[in-house]
Amino acid sequence: MSITIGRRGLVAGAALAPFALPVAAQGRGEEISVTHWGVLMYGAPYAVAIEKGFFREAGVNITGILTSKGGGTTVRNVLAGGLPYGEVSLAAAVAAAREGLEIKIVNAGAATVADILWVTTPDSPIRTIKDLEGHKIAYTSPKSVTEMLVIMSLTASGVDLSKVERVSTGGIGAGLTALRQGGVQAAPIMDPIWARDHARWRPLFFVKDVLPPMTQTVGITTTQFIREQPQKLRAIIAGRRKGVDFLYANPDEGGRIFAEAYELPRELGVRAVKNMVDVGYWSRGNIDTKALDNMVEGLRIIGEVDGPIDWAPLVDRSFLPPDLQATG
């Protein structure tokens, strides 16, 4: 079974609509939500799990993905559309819980921010992150993950923040344009854009070389879904876990499936998946509270979180496969 979706592009926001399957294949299929499906790498395990039948084997027939540009929109999708399960940013999950929404974090998604790096032009005299003193570095938008990572990376590298001008460019593509035109001396990039454009730029620093593991996304659900359909929730988590395992074991085929789902050239999809395999990007589901804390520390820096987070009432590991429940 192959997956088809409408073309999204690499940096544009995705429409709030499920991708389509042939009518004969849909049956009594159901939909879940995944932030930035069709744009960023979070969705690869779900694409694999659908095509390889891992969700059906686990006991749930997932045939559609609802998506958004992220944040609270994805949380609202989880609450309002399809099955009440979705992969969202950790920041969005924490914000929803603090607003009093009855949700639980039930698995980890992207286990690291290692997909993000800052690049410069091939002929730039700037060779390391410390060389940015006296220069300009781009990030996407205020209170974004890229702003957070710029501040944390510069600080961790011993760079005086007052000596580096941080410039909000509004998007990955806009930042790269500013870099090409000389408006900034470094800009963020990530897969699959990096897989496509790697020959155009020289890496300046990879976040993974500067900062500790930080959980980007988590799977969330409602307390009502936990009460009413616990077996279906376990099946979703188990199916995604099989998708992750398949990507690590079979990056060429996994990359092909990912490329078809995102309507990318096959070579690009394979390269992007292999990049993620190399850095251990996808969690099998196990929840590492230290990695959650590391991300929350960054969210505090940009004012997205105020005060400590007590994970005990928010995290429920009981729906993970038994071998993952105690890890992290």
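Reader: Leaving aside neighbours within four places in sequence, which residues is D131 in contact with?

Author: This is a predicted model. In it, D131 lies in the loop between β5 (116-120) and β6 (136-139). Its contacts, with neighbours within four places in sequence left aside, are P125 and I126.

Reader: Is D131 buried, partly exposed or exposed?

Author: Buried requires under 20% relative accessible area, and exposed requires over 50%. D131 has a relative accessible area of 32%. D131 is therefore partly exposed.

Reader: How far apart in space are D131 and V164, C-alpha to C-alpha?

Author: In sequence, D131 and V164 are 33 residues apart. In space, their C-alpha to C-alpha distance is 9.7 Å.

Reader: Which residues touch the most other members of the largest nonpolar core?

Author: This core holds 106 residues. Its largest share, 7 residues, comes from helix α10 (residues 230-249). The residues that touch the most other members are I105, L132 and W311.

Reader: What is L132 in contact with, leaving aside its neighbours within four places in sequence?

Author: L132 belongs to the largest nonpolar core, as one of the residues touching the most other members. Its contacts beyond four places in sequence include K163 and V164. The full list is I126, I137, L154, K163, V164, A186, L204 and F205.

Reader: How far does α10 reach from its first C-alpha to its last?

Author: Helix α10 has 20 residues. At 1.5 Å a residue, 28 Å is expected. The model is close to that, at 29 Å.

Reader: Which residues of α10 are buried?

Author: Buried means under 20% relative accessible area. Two arginines of α10, R240 and R241, meet that cut-off. The buried residues are L233, A235, I236, I237, G239, R240, R241, G243, V244, F246 and L247.

Reader: Are α2 and α10 roughly parallel or roughly perpendicular?

Author: The axes of α2 (residues 44-51) and α10 come within 8 Å. They cross at roughly 100°. That angle makes α2 and α10 roughly perpendicular.

Reader: How do the residues of the contact of α2 with α10 divide by class?

Author: From α2, the contact takes A44, P45, Y46, V48 and A49. From α10 come G239, R240, G243, V244, F246 and L247. By class they divide into 8 nonpolar, 2 polar and 1 charged.

Reader: Is α10 oblique or roughly parallel to α11?

Author: The axes of α10 and α11 are 6 Å apart. The packing angle is about 120°. Angles of 65 to 115 degrees count as roughly perpendicular, and those over 145 as roughly antiparallel. The packing angle therefore makes α10 oblique to α11.

Reader: Which residues of α11 make the contact with α10?

Author: By class, this contact has 6 nonpolar, 1 polar and 1 charged residues. The α10 side supplies F246, L247, Y248 and A249. The α11 side supplies P251, E253, G254 and I257.

Reader: What span should the 13 residues of α12 have at 1.5 Å a residue?

Author: Helix α12 covers residues 266-278. Its end C-alpha atoms are 18 Å apart, which agrees with the expected span. That expected span is 18 Å.

Reader: What covers the buried residues of α12?

Author: The buried residues of α12 are L268, G269, V270, A272, V273 and M276. The elements that cover them include α8 (193-197), α10 and α11 (251-262).

Reader: What is the relative accessible area of A272?

Author: A272 is found in helix α12. Leaving aside neighbours within four places in sequence, A272 is in contact with M41, D191, P192, A195 and F258. A272 is buried, and its relative accessible area is 0%.

Technical notes: Residues numbered from 1 in each chain as written. Predicted model: local features only at pLDDT ≥ 70, side-chain atom pairs only at ≥ 80, totals over all residues. Heavy atoms only, no water. Core = buried A, V, L, I, M, F, W, Y, C linked by side-chain atoms within 4.5 Å. Buried < 20%, exposed > 50% of the residue type's maximum accessible area, 1.4 Å probe, protein only. Helix = DSSP H or I, 4+ residues; strand = E, 2+ residues; numbered from the N terminus. Contact = heavy atoms within 4.5 Å. Axes fitted to C-alpha atoms, helices over the stretch in contact; angles between N-to-C directions. Parallel < 35°, antiparallel > 145°, perpendicular 65-115°, else oblique. Nonpolar A, V, L, I, M, F, W, Y, C, P; charged D, E, K, R; others polar. Expected span 1.5 Å × (residues − 1).
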